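Work through the exercises below with the model open. Try each task before reading its solution.

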Amino acid sequence: MSTDLCYVYAVCHPFDAPLQAELVGVEDRPPQLLRHENLIAVVGAVPEADFAEDPLRAHLEDLDWLTATARAHERVVAALTTVTSPLPLRLATVFRDDSGVRSMMQEERARFRWALGRLAGRVEWGVKVYADGAPTPPPPEPRSVAGTSAGPGTGPGSGRAYLRSRRAQRDVLDDTRQRAEHFAERLHEDLSRHAVATRPYPPQNPALARTSGVNILNSAYLVDRTASEDFVERVDRTKGEEPGVRVELTGPWAGYSFTMEEAGR
């Protein structure tokens, strides 16, 4: 018979609102609340056969398993975000039993309290700016009055015409990218003034992100819940402002980008 381990989704201050009755997390098991002093750990039982050190290491190389587990983890954290401001823990944070979780909470209580105080009443929004750059076709090749090519090496199918076409496309892309960079700088400065904190990330690789365009801005913003409507409107007003520049807004999320790293400095 498989032994269960204790999976930890997040740490919170105590809250009164109940979690959704049908909510399930990893392994389709419902989360439970584990209290230690004035903190709550949101936990769930998971099989040791999958989450002990060796099998877990193997599972982390399995993209399908990893995706399903990450979605289940996020589902629980998202549900918590509707009733409180949780401090999400890393994916696959597992302990032998409840006593191990309580020991962790005791050891980390100062950092947890700091981070929870920072996240209280706030949510995270993500903003990305892309340079889509749809190049326009080059002008038609000049032709003689008789309809013949204007000269050797200048016809529509010639190498010179091809290079001219590529250069025109590159110029359009370069122009779009420059405009996108200036636009992203202005947008980030404006949004930063209306956020409690910001966390810039490196631009995403289009192939890995499975999206079109060049990612210019990839930033997270910690925003008061009461200011979120204004924040969203500020982003929405910029959409379509620059031709060839695309703005993407995601959230609201739990404050994944504003959790333990700064508390440890």
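## Exercise 1: The sheet with β5

Task: give the strand order of the open sheet that holds β5, and say which strands stand at its edges.

Solution. The model is predicted. Start with the order. Four strands form this open sheet, and they run β6-β7-β5-β8. The pairing is antiparallel. Now take the edges. They are β6 (197-200) and β8 (245-253), each of which pairs on one side only. Finish with the twist. Neighbouring strands here are turned by 20° against each other on average, direction ignored.

Next, look at one pair in detail. Strand β5 (residues 122-131) and strand β7 (residues 214-224) run antiparallel and are joined by ten bridges. Pick E124 as a marker: its bridge partner in β7 is L222.

## Exercise 2: An arginine in a strand

Task: decide whether R199 is buried or exposed, and find the backbone oxygen that its side chain reaches.

Solution. Locate the residue first: R199 lies in strand β6. Then check accessibility. The value is 13%, and buried means under 20%, so R199 counts as buried. Last, follow the side chain. It reaches the backbone oxygen of S257 at 3.2 Å.

## Exercise 3: The sheet with β1

Task: work out why β2 and β4 each have one side without a neighbour in the sheet.

Solution. Write down the order: this open sheet has four strands, β2-β3-β1-β4, with antiparallel pairing. β2 and β4 (87-95) stand at the edges with a single partner strand each, so one side of each has no neighbour in the sheet. From one strand to the next, the twist averages 30°.

Now test one pair. β2 and strand β3 (residues 39-47) run antiparallel, with five bridges between them. R35 has I40 as its bridge partner in β3. Then add a helix. Helix α5 (residues 109-119) packs on the sheet and touches β1, β3 and β4. The direction of α5 makes about 145° with that of β4.

## Exercise 4: Helix α3

Task: check the length of α3 against its expected span, then place the helix on the strands.

Solution. Helix α3 covers residues 63-81, which is 19 residues. At 1.5 Å a residue, the helix should span 27 Å. The end C-alpha atoms of α3 are 26 Å apart, which agrees. At the start of α3, a side-chain oxygen of D62 comes to within 3.1 Å of the backbone nitrogen of D64.

Next, position. α3 lies across β1, β3 and β4, and runs at about 45° to β1. Its buried residues include W65, T69, A72, H73, V76 and L80. A general point helps in reading such a list: an α-helix has 3.6 residues a turn, so residues three or four places apart point the same way.

## Exercise 5: A loop valine

Task: find which residues V26 contacts beyond its neighbours within four places in sequence.

Solution. V26 sits in the loop between β1 (4-12) and β2 (32-36). It is buried, with a relative accessible area of 2%. Setting aside neighbours within four places, V26 is in contact with Y7, Y9, V46, F51, T69, A72 and H73. Take A72 from that set: V26 and A72 are 46 residues apart in sequence, yet 5.1 Å apart in space, C-alpha to C-alpha.

## Exercise 6: Cysteines

Task: state how many disulfides a search of the whole structure finds.

Solution. The search finds zero disulfides. Look at two cysteines anyway. C6 counts as buried at 6% relative accessibility. C12 is also buried, with a relative accessible area of 0%.

Conventions:
Residues numbered from 1 in each chain as written. Predicted model: local features only at pLDDT ≥ 70, side-chain atom pairs only at ≥ 80, totals over all residues. Heavy atoms only, no water. Helix = DSSP H or I, 4+ residues; strand = E, 2+ residues; numbered from the N terminus. Buried < 20%, exposed > 50% of the residue type's maximum accessible area, 1.4 Å probe, protein only. Contact = heavy atoms within 4.5 Å. Pairing = 2+ DSSP bridges. Axes fitted to C-alpha atoms, helices over the stretch in contact; angles between N-to-C directions. Polar contact = N/O pair within 3.5 Å; in protein donor to acceptor, adjacent residues only side chain to side chain. Disulfide = S-S within 2.5 Å. Expected span 1.5 Å × (residues − 1).
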